2 protein chains.
Amino acid sequence: MATMTAAQRREAARVGFDAYIAECPARQLLDRIGDKWVSLVVNALADGPQRYSDLRRRLAGVSEKMLTQTLRALERDGLLTRTVTPSVPARVDYALTPLGTGLLPLMQSIKAWAEEHMPEVLAARESYDAAAGNGK
Amino acid sequence: MATMTAAQRREAARVGFDAYIAECPARQLLDRIGDKWVSLVVNALADGPQRYSDLRRRLAGVSEKMLTQTLRALERDGLLTRTVTPSVPARVDYALTPLGTGLLPLMQSIKAWAEEHMPEVLAARESYDAAAGNGK
DNA sequence: CTGTATCCTATCTGATACTG
DNA sequence: CAGTATCAGATAGGATACAG
């Protein structure tokens with residue numbers, strides 16, 4: 001048959017759009033830097049190389065699992081390097097690559113926009129919630 | 001007692017840091033624009049006001065639930081307006097507010113960085129995976 | 001047309017315990 | 001010191017059916 005059911009057409013459109021989203025560079029980037037700990041790790045490393053335990057201390061709330069997972073993801077993406085010094089006890093240093101350093105100006109832009117406009121967003125949120133609260 | 005156990009100190013540090021993260025404007029912003037559909041909706045509305053069904057068509061893969069949820073969140077944050085025309089059938093238009101429009105340059109910066117550097121990231125990812133694959 | 005309600009799965013996140 | 005392994009709870013995301 002040359003025709004598809006409506007459900008099939010919708011499904012086909014969804015799959016195609018999902019593929020488009022998966023390839024969209026901007027969304028790939030947002031997926032990465034939107035991760036809870038990524039921006040914090042990158043910022044911590046902006047001050048220079050840090051050891052695993054330094055990072056764990058600076059990001060006081062991170063679990064070992066999430067820290068390791070975040071560092072591995074960033075290493076995989078070429079944003080930072082992992083250097084093992086096989087002394088006893090072992091020592092591992094993490095440092096931003098040039099690619100990772102190149103991310104800093106963008107993070108700065110995001111931070112600047114946030115600091116300038118998030119208060120408005122928060123105010124809007126409060127007034128929206130207040131209105132909804134009155135309705136109930 | 002003046003002292004806390006190690007576990008208590010860690011817990012206190014974690015709670016304090018979580019509070020800091022929750023207040024950090026940059027992280028709040030990333031949480032918002034990192035949502036899967038937010039950037040797509042904002043971009044779609046950059047071309048001008050759109051109706052609910054227009055958006056659903058343009059974002060082919062979105063479920064009604066996620067589209068509504070995303071639109072409500074953006075409305076709550078003062079980034080877009082929702083205008084109901086109570087005709088039959090009902091008609092609802094969504095449009096960016098000035099605050100929402102102000103987000104566009106930032107989105108553009110993100111897109112620009114992504115298009116310039118994501119190929120490097122993807123290449124790093126492939127070579128990392130290839131190396132890991134050899135090891136197994 | 002524009003949603004809301006329900007149910008279900010996948011993923012994310014974290015706590016805990018253990019290892020080289 | 002720097003992780004890995006495992007388990008459980010929370011949350012996001014989506015399919016489907018129904019309502020105003």
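This report covers how chains A and B meet and how the protein touches DNA strands C and D.

The model is predicted: local features need pLDDT of at least 70, side-chain atom pairs count only at pLDDT 80 or more, and totals for chains, interfaces and linings use all residues. Residues are numbered from 1 along each chain as its sequence is written, chains are lettered from A and ligands numbered from 1 in the order in which they are written, and side-chain values use heavy atoms, with hydrogens and water left out.

**Chain A against chain B**

The interface pairs 47 residues of chain A with 47 residues of chain B. Contact here means heavy atoms within 4.5 Å. The size of an interface is often given as the accessible area lost when the parts come together. Chains A and B bury about 4,200 Å² between them, and 71% of that lies on carbon and sulfur atoms. Buried area is the accessible area (1.4 Å probe) that two parts lose on being put together, summed over both. In chain A, the most area is lost to chain B by Arg76(A), Trp113(A) and Tyr128(A), together 16% of what that side buries.

Charged pairs also cross the interface. There are 4 salt bridges between chain A and chain B. A salt bridge is a side-chain nitrogen of Lys or Arg within 4 Å of a carboxyl oxygen of Asp or Glu. Asp77(A) bridges to Arg125(B), with the closest N and O atoms 2.6 Å apart.

Polar contacts across the interface number 12 residue pairs, both residues at pLDDT 80 or more. A polar contact is a pair of N or O atoms within 3.5 Å; within protein, one must be able to donate a hydrogen and the other to accept it, and residues adjacent in sequence count only if both atoms are side-chain atoms.

Helix 7 (103-135) is among the helices of chain A that each supply at least two residues to the side touching chain B. Helix 7 of chain A gives the most, with 17 residues. Helices (H or I, at least four residues) and strands (E, at least two) are DSSP runs, numbered from the N terminus. The side of chain A that touches chain B divides into 24 nonpolar, 8 polar and 15 charged residues. Ala, Val, Leu, Ile, Met, Phe, Trp, Tyr, Cys and Pro count as nonpolar, Asp, Glu, Lys and Arg as charged, and the others, Gly among them, as polar.

**The DNA strands**

Around DNA strand C there are 21 residues, and Lys36(A), Lys65(A), Ser53(B), Arg82(B) and Tyr94(B) come nearest. Around DNA strand D there are 20, the closest being Ser53(A), Arg82(A), Tyr94(A), Lys36(B) and Lys65(B). A residue is near a strand if one of its heavy atoms lies within 4 Å of it.

Sugar or phosphate supplies 62% of the strand C atoms within 4 Å of the protein. For strand D that share is 64%. In both cases the rest belong to bases.

Selected polar atom pairs follow.

| Residue and its atom | DNA atom | Distance |
|---|---|---|
| Tyr94(B), side-chain N or O | strand C, phosphate oxygen | 2.7 Å |
| Val92(B), polar backbone atom | strand C, phosphate oxygen | 3.4 Å |
| Tyr94(A), polar side-chain atom | strand D, phosphate oxygen | 2.7 Å |
| Arg51(A), side-chain N or O | strand D, sugar or linking oxygen | 3.1 Å |

Helix 5 of chain B gives the most to the surface near strand C, with 4 residues. Helix 5 of chain A gives the most to the surface near strand D, also with 4 residues.
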